[in-house]
Amino acid sequence: MNKQKIVPIFAGGGTRLPAHAGILQALGEFDVEFDDIVGVSGGSIIASLFASGLTLPEVKHIALNTDYNQFREFSLIKLIRNGGLSSGDVFERWVDRLLEGKTFKEMDYNLHVVATDVAHGKPVIFNKKNTPDLKVSLAVRFSMSIPLVFSFKKFGKHLMVDGSILSEDALHRDWAEDGTPVICFRLKGDYEYDEIKIKGMFPIVQYISLLIRTFMTTISREYINDAFWHNTVVVNTGLSSAVDFTMNPAQKEALYFKGYHTANKILPMKVKALSTN
């Protein structure tokens with residue numbers, strides 16, 4: 001029998017990207033094949049690493065052993081001038097180094113990275129067709145621009161921020177342009193935060209932290225439209241936060257296996273349903 005062909009979408013997640021690495025491992029062991037791969041926010045990191053030719057063990061190692069705290073700054077000057085506490089430059093250089101400076105036309109797979117243009121309220125899609133000579137690291141930096149955490153960045157007439165704030169219908173499209181069905185892997189958190197004490201003469205730091213974590217948690221808990229349920233796999237990441245830059249190795253490994261075991265369990269049902277439609 002021929003393998004079922006799909007387009008996997010690694011959607012959202014922020015710093016919970018080890019879960020996407022686990023999903024990728026499950027896909028590698030399952031009886032599916034794909035030429036196109038889509039990444040959004042934290043999912044764009046994993047999708048781009050794999051699309052560049054890195055092996056599954058290499059992607060897992062990066063996801064579990066990278067110190068995410070290196071990408072976090074807390075500059076109120078940058079927030080005022082550029083809309084984010086961190087410039088995002090350190091993160092972009094890190095991705096570019098891992099991808100060896102590759103552009104979209106140099107990827108081993110047809111990689112699609114999705115970010116949000118807040119100036120027009122629309123998705124912007126980076127891939128070999130639209131932006132063949134663009135460095136993938138820049139597109140990933142756009143897609144991973146968590147509001148208020150990373151500075152906004154202009155791209156032509158676009159003002160780019162995190163792709164995870166897009167509605168679902170922006171992701172459920174014919175990515176391969178040949179009717180190949182998509183399966184969207186989404187991360188859903190149930191995080192309940194400890195109270196942040198608002199104190200001191202300048203409580204702006206605490207207020208910003210509250211705003212960021214509440215915004216990202218709300219996105220994570222967004223309901224799934226019935227129209228997309230048949231080709232969506234939800235990974236419950238439990239108490240993990242999308243903006244936790246200080247995860248320890250045990251937390252990262254737990255996320256990895258959450259993604260792996262959930263995809264292993266749910267993927268066969270979703271693929272079977274697709275093949276009977």
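Trainee: Is Lys105 buried or exposed, or what does it count as?
Mentor: Lys105 has 49% relative accessibility, so it counts as partly exposed. The cut-offs: buried is under 20% relative accessible area, exposed is over 50%, and partly exposed lies in between, with a 1.4 Å probe and protein chains only.

Trainee: Okay, and what are we looking at here, model-wise?
Mentor: This is a predicted model, where local features need pLDDT of at least 70, side-chain atom pairs count only at pLDDT 80 or more, and totals for chains, interfaces and linings use all residues. Residues are numbered from 1 along each chain as its sequence is written, and side-chain values use heavy atoms, leaving out hydrogens and water.

Trainee: Which residue forms a salt bridge with Lys105?
Mentor: Asp133, with the closest N and O atoms 2.6 Å apart. A salt bridge here is a side-chain nitrogen of Lys or Arg within 4 Å of a carboxyl oxygen of Asp or Glu.

Trainee: Where do those two sit in the chain?
Mentor: They are 28 residues apart: Asp133 is in the loop between S7 and H6, and Lys105 is in the loop between H5 and strand S6 (110-117). Those labels are DSSP runs numbered from the N terminus, with helices (H or I) of at least four residues and strands (E) of at least two. Asp133 counts as exposed because its relative accessibility is 53%.

Trainee: How many salt bridges does the structure hold?
Mentor: It holds 4. One of them joins the side chains of Asp96 and Lys135 at 3.1 Å, N to O. That pair spans 39 residues, from Asp96 in helix H5 (residues 89-98) to Lys135 in the loop between strand S7 (122-126) and helix H6 (136-143).

Trainee: Why does Asp96 count as it does, buried or exposed?
Mentor: Buried, because its relative accessibility is 18%. Lys135, at 39%, is partly exposed.

Trainee: What does Lys5 meet in a salt bridge?
Mentor: The side chain of Asp35, at 2.4 Å, N to O. Lys5 is in strand S1 (residues 4-5) and Asp35 in the loop between strand S3 (32-33) and strand S4 (36-40), 30 residues apart.

Trainee: Switching to helices: at what angle do H2 and H3 pack?
Mentor: About 145°, with the axes of H2 (residues 42-51) and H3 (residues 56-65) 9 Å apart. Axes are lines fitted to C-alpha atoms, for helices over the stretch in contact, and angles run from 0 to 180 degrees between N-to-C directions.

Trainee: Which residues make the contact?
Mentor: Ile46, Leu49 and Phe50 from H2, and Leu56, Val59, Ile62 and Ala63 from H3. Contact means heavy atoms within 4.5 Å.
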